[in-house]
Amino acid sequence: VEVLPLPEGAPDYFNGLVGDVELTFEVSKTSVNIGEAIDLDISIKGLGNFEQMDDPVLNMPESFHVHDPEILKDTKVTPKGIRGEMHYKFVIVPSESGDFEVQPYAFAFFNINSKKYEVASTEVFTISVAKGDEDYGKVVKNAVERSEPVQTSLTGLSLTKEVFKEEDSLFGGILHLGGILSPLILAGGFL
């Protein structure tokens with residue numbers, strides 16, 4: 001088997017993938033409230049050396065928290081090479097309101113059929129984030145106590161106080177000791 005080097009001129013965002021692949025993506029929703037999670041799924045499928053490629057890095061606005069993706073790999077070796085799919089499930093959470101344009105995720109790969117570098121890319125899309133519950137996710141420091149008492153109702157509840165006395169216990173008492181020793185005494189009579 002002769003292994004040929006890749007041609008020069010690889011784009012900066014070449015991720016190491018050599019093969020014939022397609023990229024798909026899906027966003028669960030594009031209109032949310034602050035703090036509401038959004039699922040972003042990226043799939044790369046086809047024929048290629050999936051183990052050599054880098055995991056996707058999303059280019060999200062600063063006010064979005066991007067959790068590490070759940071990675072699902074479904075590949076198998078075939079006579080033509082490794083065929084399968086890499087699936088990345090991201091959860092992103094916005095922390096500010098507004099309309100945010102999300103830049104595409106893109107990578108370059110060397111296509112074994114066309115014998116040249118190609119680019120796979122998602123599309124630009126917008127996420128609209130409403131204020132919603134303005135206190136959602138806030139951390140309160142130096143909270144001030146309420147000046148008025150909080151009213152609670154315990155209607156229908158009966159509170160009693162029972163005192164447990166050690167001598168009321170079955171364990172360690174005469175009945176407990178008799179229960180343990182009686183089989184031994186009876187067994188001794190049969191011996």
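1. Start with β1 and β8: these strands run parallel and are joined by three bridges. Strands here are DSSP runs of E with at least two residues, helices are runs of H or I with at least four, and both are numbered from the N terminus. Two strands count as paired if DSSP finds at least two bridges between them. To find the pairing by eye, look for Val 18, whose bridge partner in β8 is Phe 110.

2. A word on what you're looking at. The model is predicted, so to speak of a local feature takes pLDDT of at least 70, and side-chain atom pairs count only at pLDDT 80 or more, while totals for chains, interfaces and linings use all residues. Residues are numbered from 1 along each chain as its sequence is written, and side-chain values use heavy atoms, with hydrogens and water left out.

3. For the overall layout, the protein chain has one helix and ten strands. Read from the N terminus, the order is β-β-β-β-β-β-β-β-β-β-α. Of its 191 residues, 26% count as buried, meaning under 20% relative accessible area (exposed is over 50%, partly exposed is in between; 1.4 Å probe, protein chains only). Take the contacts, meaning heavy atoms within 4.5 Å, that have a separation of 6 or more: 69% of them are between residues 24 or more positions apart.

4. Back to β8, which is largely enclosed by the rest of the structure because five of its six residues are buried. On top of its pairing with β1, β8 pairs with β9 in the antiparallel sense, over six bridges. Ala 108 is a handy marker there, with Val 119 in β9 as its bridge partner.

5. What sits in the turn between β8 and β9? The two strands form a hairpin with four residues between them, and Lys 115 is in the turn. This lysine has a positive phi of about 60° although it is not a glycine. The loop holding Lys 115 links β8 (106-111) to β9 (116-121). Lys 115 counts as exposed because its relative accessibility is 58%.

6. Asn 15, in strand β1 (residues 14-27), is worth a click too. Its relative accessibility is 6%, so Asn 15 counts as buried. A polar atom of the Asn 15 side chain lies 3.0 Å from the backbone nitrogen of Leu 17. Leaving aside neighbours within four places in sequence, Asn 15 is in contact with Gln 52, Met 53, Asp 54, Tyr 105, Phe 107 and Ala 108.

7. There's a second hairpin to check, made by β5 and β6 with two residues between them. Strand β5 (residues 70-78) and strand β6 (residues 81-94) pair in the antiparallel sense over nine bridges. Within this pair, Val 77 stands opposite Ile 82 in β6.

8. How many cavities of 30 Å³ or more does the whole structure have? The search finds one. A cavity here is a set of points, on a 1 Å grid over the protein atoms alone, where a 1.4 Å probe fits but cannot get out; lining residues have an atom within 4 Å of a point. Points are joined across faces, edges and corners, and the volume is the space filled by probe spheres set on them. The largest cavity comes to about 70 Å³. Its lining includes Phe 25, Leu 40, Asn 59, Tyr 105 and Phe 125. By class, nine lining residues are nonpolar, three are polar and none is charged. Ala, Val, Leu, Ile, Met, Phe, Trp, Tyr, Cys and Pro count as nonpolar, Asp, Glu, Lys and Arg as charged, and the others, Gly among them, as polar.

Note on methods
On a 1 Å grid over the protein atoms alone, a cavity is a set of points where a 1.4 Å probe fits but cannot get out, and a pocket is an open set with protein on both sides within 12 Å along at least five of seven lines; lining residues have an atom within 4 Å of a point. A polar contact is a pair of N or O atoms within 3.5 Å; within protein, one must be able to donate a hydrogen and the other to accept it, and residues adjacent in sequence count only if both atoms are side-chain atoms.
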